[in-house]
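Open your viewer, switch on a cartoon view and keep the selection box handy. We will go from one selection to the next and look at what each one shows.

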Amino acid sequence: MALLDKDGVRLIVDDTVATVTLTNPAKRNAQSPALWRALAEAGRSLPGTVRVVVLRGEGKSFSAGLDRQAFTPEGFEGEPSFLDLARGSDDRLDATISEYQEAFTWWRRNDIISVAAVQGHAIGAGFQLALACDLRVVADDVQFAMRETSLGLVPDLAGTQPLASLVGYARALEICATGRFVHAEEAERVGLANLVVPADELDAAVQDLTTALLAPPRDAVIETKTLLRAAQTRTYDDQRAAERAAQARRLRDLAGLSD
């Protein structure tokens, strides 16, 4: 039974595994503010039992990016158009974009591991949604692209930090500034993809990875993820100290000495 099924997003939970599916294949899972709110709600709706969250898109494309209706004068029904937002105050514009970003920020929570199963197009907002996840398993027909600059915009859905972290500043700049496609072989080579498989094997590969991620004790995985996420901003000595503290907690827990 789905815990959430609205605005192009469906959330199904099976004990320790949650699956979030983009459900508008007719539009190649194009994104809208309503979809972003539904994605944020999916994150808030996760039961505490969930350890792995799988993100997928129905149809031939993961997500072709922002629905171009956003750029029309009328925008989406019941939503301020992008033109209206541009005419508003800086505070209103900042608050609105911050709300949109909430759909992209919860995937890296330390208590879960998120896996994007990506096939076909993952463009713009679709690329940033795949980047929001911890891991990416991609089909051999995948096409990543960051097209915002071609529209006179910038990537603003929390995708720039993970992109630069994965591929480095120079390559991230080149990918964003040119808007070119990154295909499967390059995605795996530069670190955008953890694994590339034939399209008809994507679901099975994600299932195998999910099974492997669930094998270790949950607390050990959470502590390890916490360490790795902080490693990029800590000094070497600070990271060593964090490792010692985390290991002390794990040893006390295993010995039954934790508070």
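The tour below visits two sheets, then the pockets, then a cavity, and the model you are looking at is a predicted one.

**Stop 1: the seven-stranded sheet**

Start by colouring the strands of the open sheet whose order is β1-β2-β3-β4-β5-β7-β10. Its seven strands have mixed pairing. Now look at the two ends: β1 (2–6) and β10 (195–197) stand at the edges with a single partner strand each, so one side of each has no neighbour in the sheet. If you sight along the sheet, neighbouring strands are turned by 15° against each other on average, with direction ignored.

Next, select residues 9–14 and 17–22, which are β2 and β3. These two strands run antiparallel and are joined by six bridges. For a landmark, show Val13 as sticks and find Ala18 of β3 opposite.

**Stop 2: strand β5**

Select residues 113–118, and you have β5. Which strands pair with β5 in the parallel sense? One is β4 (residues 52–57), joined to β5 by four bridges. The other is β7 (residues 135–139), and here too the pairing runs over four bridges. To see both contacts at residue level, show Val52 opposite Ile113 of β5, then Ala117 with its bridge partner Val137 in β7.

Are the residues of β5 buried or exposed? Six of its six residues are buried, with the cut-off for that word set at under 20% relative accessible area. Side chains in a regular strand alternate between the two faces of the sheet. In β5, Ile113, Val115 and Ala117 point one way, while Ser114, Ala116 and Val118 point the other way. Residues on both sides of this strand are buried.

**Stop 3: helix α4 and the three-stranded sheet**

Keep β5 on screen and add residues 125–132, which form α4. This helix lies across β3, β4, β5 and β7, and runs at about 145° to β5. Helix α4 also lies across β6 and β8, at about 95° to β6.

Those last two strands take us to the other sheet, an open one of three strands in the order β6-β8-β9. Its pairing is mixed. The edge strands are β6 (121–123) and β9 (182–183), each with a single partner strand, so one side of each is left without a neighbour in the sheet. Select β8 (residues 143–145) along with β9 to see antiparallel pairing over two bridges. Phe144 is the residue to label here, with Val182 of β9 as its bridge partner.

**Stop 4: the largest pocket**

Rolling a probe the size of a water molecule over the atoms shows where empty space is left. Turn on a surface and centre the view on Leu66, Phe71, Phe82, Leu151 and Leu153, the lining residues that lie nearest the centre of the largest pocket. The pocket has a volume of about 630 Å³ and is lined by 27 residues. Sorted by class, these are 17 nonpolar, three polar and seven charged. Colour α2 (82–87), α3 (90–105) and α4 as well, for each supplies at least two residues of this lining.

**Stop 5: the second largest pocket**

The second largest pocket holds about 540 Å³ of space. Centre on Arg108, Asp134, Lys225, Leu228 and Arg229, the closest to its centre among the 17 residues that line it. Two or more lining residues come from each of β7, α5 (160–167) and α9 (218–231). Helix α9 has the largest share, with five residues. By class, the lining of this pocket has six nonpolar, six polar and five charged residues.

**Stop 6: the cavity**

How many cavities of 30 Å³ or more does a search of the whole structure find? The search finds one, and about 70 Å³ of space lies in it. Switch the surface to transparent and select its lining: Arg51, Val52, Asn110, Asp111, Ile112, Ile113, Leu213, Leu214, Arg218, Val221, Ile222 and Lys225. You will recognise Val52 and Ile113 from the β5 stop, where they stood opposite each other.

Finish by colouring α8 (202–214) and α9, the elements that give two or more residues to the cavity lining. Helix α9 gives the most, with four residues. The cavity lining has seven nonpolar, one polar and four charged residues.

Definitions and conventions: Residues numbered from 1 in each chain as written. Predicted model: local features only at pLDDT ≥ 70, side-chain atom pairs only at ≥ 80, totals over all residues. Heavy atoms only, no water. Buried < 20%, exposed > 50% of the residue type's maximum accessible area, 1.4 Å probe, protein only. Pairing = 2+ DSSP bridges. 1 Å grid on protein atoms, 1.4 Å probe; cavity = no way out; pocket = protein on both sides within 12 Å on 5 of 7 lines; lining within 4 Å. Points joined across faces, edges and corners; volume = space filled by probe spheres on them. Nonpolar A, V, L, I, M, F, W, Y, C, P; charged D, E, K, R; others polar. Contact = heavy atoms within 4.5 Å. Axes fitted to C-alpha atoms, helices over the stretch in contact; angles between N-to-C directions.
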